[in-house]
Amino acid sequence: MKKYDTPLLDELEKGPFPSFVKEIKKAAAKNEMANDELGQLEYSFKTNRGYWKHGGIVGVLGYGGGVIGRYSDLPDMFPEVKFFHTVRINQPSGWFYTTKALRELMDLCDTYGSGITNMHGSTGDLVFLGARTEDLEPLFAELTSRGWDLGGSGSALRTPSCCVGPARCEWANYDTLEACYQITQEFQDELHRPAFNYKYKIKFAGCAVDCVASIARADCSVIGTWKGPILIDQDAVRWHEKKGMDINREVVDMCPTQCISYDGKELKINNDECNRCMHCITRLHKALKPSGERGATICIGSKAPIVVGSLLSWVIVPFMKMEPPYTEFKELTRKMWDWWDENSHPRERIGEVIEMKGMRSFLEAIGVPPFPQQIKEPRKDPFFFFTEGDIERFKKREEEEKKTGKFIF
Ligand code: SF4
Ligand code: SF4
């Protein structure tokens with residue numbers, strides 16, 4: 001095996017942080033692909049250029065996505081990375097693995113790839129970095145025979161992902177793991193056979209802390225919420241203060257709707273004004289907790305900047321029960337896809353199309369009524385859908401005002 005000198009990469013091994021260079025070197029000691037990957041990376045740093053040609057679909061039989069084609073631009077210098085495809089594997093809900101499952105996956109990665117993984121990619125999948133074209137079918141056969149499946153790529157539903165939710169977290173307002181699993185099963189066709197105009201991501205977060213960053217990174221963000229008041233344990237609030245917390249500065253002043261007050265003895269919340277942002281609950285743990293009916297807020301449209309700038313998701317359904325069999329969510333998703341399909345051009349995300357066509361026509365098409373919570377930003381008007389009858393009434397009122405010279409409320 002050729003030994004590469006890597007003076008520039010060696011610099012990245014210094015310091016207290018874990019280093020990806022160290023990991024590639026470990027893999028390179030026993031894997032030719034990882035070794036050439038190391039050589040090409042050093043050469044990139046030396047010349048200040050990237051040498052990966054990427055993109056395109058390198059499918060396996062019956063699937064349109066899941067493997068992303070990657071090729072070296074310097075195949076003569078680094079022949080082992082001439083083909084270095086990225087294989088996305090559908091992660092388990094909440095990224096829980098047994099050590100047995102991890103060993104099984106790592107063995108497959110060593111056998112059919114470079115031995116380098118990315119856990120996890122930004123979509124959520126477990127990623128094998130670097131596989132040759134001829135190894136893809138055998139790798140796919142091995143994976144599926146052990147119950148694993150490929151994730152989504154290209155213009156398809158991308159692998160849904162979720163936070164750990166009720167498996168480890170007291171703040172989950174619905175079972176994010178179950179929802180993610182069931183929705184993944186329901187939309188297998190959309191996941192594996194790219195038929196959309198562009199990608200579509202769904203992320204499930206159990207509360208507004210949003211550990212999967214769904215509000216910024218999913219076309220559809222499903223964020224847990226509740227309907228009842230926030231329950232307060234006043235002794236626990238005072239315990240936080242005794243421990244040194246400045247409750248007014250760290251909690252009261254930080255409430256986005258300014259609906260909390262604290263006089264040194266008692267914490268009060270005006271629940272009608274609370275927007276369920278979770279800030280006070282996370283700061284005053286054990287002292288505050290949500291109550292009442294639980295479910296999720298459905299938001300639509302976030303994306304990273306490509307064609308138009310980055311977008312955050314926008315509320316469309318303020319409260320939806322998220323319980324099996326998730327019929328309401330599945331039906332809403334299908335309606336949104338139909339509208340997106342009919343109104344978009346290739347490579348337009350659903351959020352961009354809503355920006356262009358307007359939220360009003362989108363909501364009308366998918367049959368969601370206007371709610372005050374659908375405002376895009378604070379202090380902007382929500383949607384009012386006027387009927388023809390309303391317009392007639394406005395005209396009559398206008399005429400009356402002209403006639404009488406008086407303003408009519
Ligand atoms: Fe817990 Fe909320 Fe984070 Fe999910 S998003 S893990 S429920 S804090
Ligand atoms: Fe204020 Fe957010 Fe707490 Fe509601 S959840 S009271 S909006 S800090």
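## Unusual backbone spots

His120 sits in a loop, between strand 4 (113-119) and strand 5 (126-131). The peptide bond leading into this residue, from Met119 to His120, is cis, with omega near 5°. This is a predicted model, and every value here is computed from it.

A cis bond also runs from Pro324 to Pro325, again with omega near 5°. Pro325 belongs to the loop between strand 14 and helix 12 (327-343). Trp95 stands out for another backbone angle. Its phi is near 60°, a positive value in a residue other than glycine. Look for Trp95 in the loop between strand 3 (86-89) and helix 4 (99-112).

## Three domains

The domain assignment splits the chain into three parts: domain 1 (7-145), domain 2 (161-227 + 294-404) and domain 3 (231-289). The centres of domain 1 and domain 2, taken over C-alpha atoms, are 34 Å apart. Their contact takes 13 residues from domain 1 and 18 residues from domain 2.

Together, domain 1 and domain 2 bury about 1100 Å² between them. Carbon and sulfur atoms account for 55% of that area. Which three residues supply the most of what domain 1 buries against domain 2? They are Tyr63, Ser93 and Phe96, with 36% of that area.

## A mixed sheet

Strands pair through backbone hydrogen bonds, either parallel or antiparallel. Here, 5 strands form an open sheet in the order 6-7-8-13-14, and the pairing is mixed. Strand 6 (161-162) and strand 14 (314-320) stand at the edges. Each has a single partner strand, so one side of each is left without a neighbour in the sheet.

Strand 6 and strand 7 (residues 202-205) run parallel, joined by 2 bridges. Cys162 has Phe204 of strand 7 as its bridge partner. Helix 6 (residues 176-186) packs on the sheet and touches strand 6 and strand 7. The directions of helix 6 and strand 7 make an angle of about 160°. Helix 14 (residues 359-366) also packs on the sheet, touching strand 13 (294-300) and strand 14. Its direction makes about 35° with that of strand 14.

## Two ligand shells

What surrounds ligand 1? Its shell includes Cys163, Cys169, Cys207 and Cys211, as well as Trp171 and Asp210. By type, the shell has 8 nonpolar residues, 1 polar and 1 charged.

Around ligand 2 are, among others, Cys255, Cys259, Cys274, Cys277 and Cys280. Met278 and His279 are also in this shell. The count for ligand 2 is 8 nonpolar, 3 polar and no charged residues.

Technical notes: Residues numbered from 1 in each chain as written. Chains lettered and ligands numbered in written order. Predicted model: local features only at pLDDT ≥ 70, side-chain atom pairs only at ≥ 80, totals over all residues. Heavy atoms only, no water. Near = heavy atom within 4 Å. Nonpolar A, V, L, I, M, F, W, Y, C, P; charged D, E, K, R; others polar. Pairing = 2+ DSSP bridges. Helix = DSSP H or I, 4+ residues; strand = E, 2+ residues; numbered from the N terminus. Contact = heavy atoms within 4.5 Å. Axes fitted to C-alpha atoms, helices over the stretch in contact; angles between N-to-C directions. Domains from an automatic or database assignment. Buried area = accessible area lost by both parts, 1.4 Å probe.
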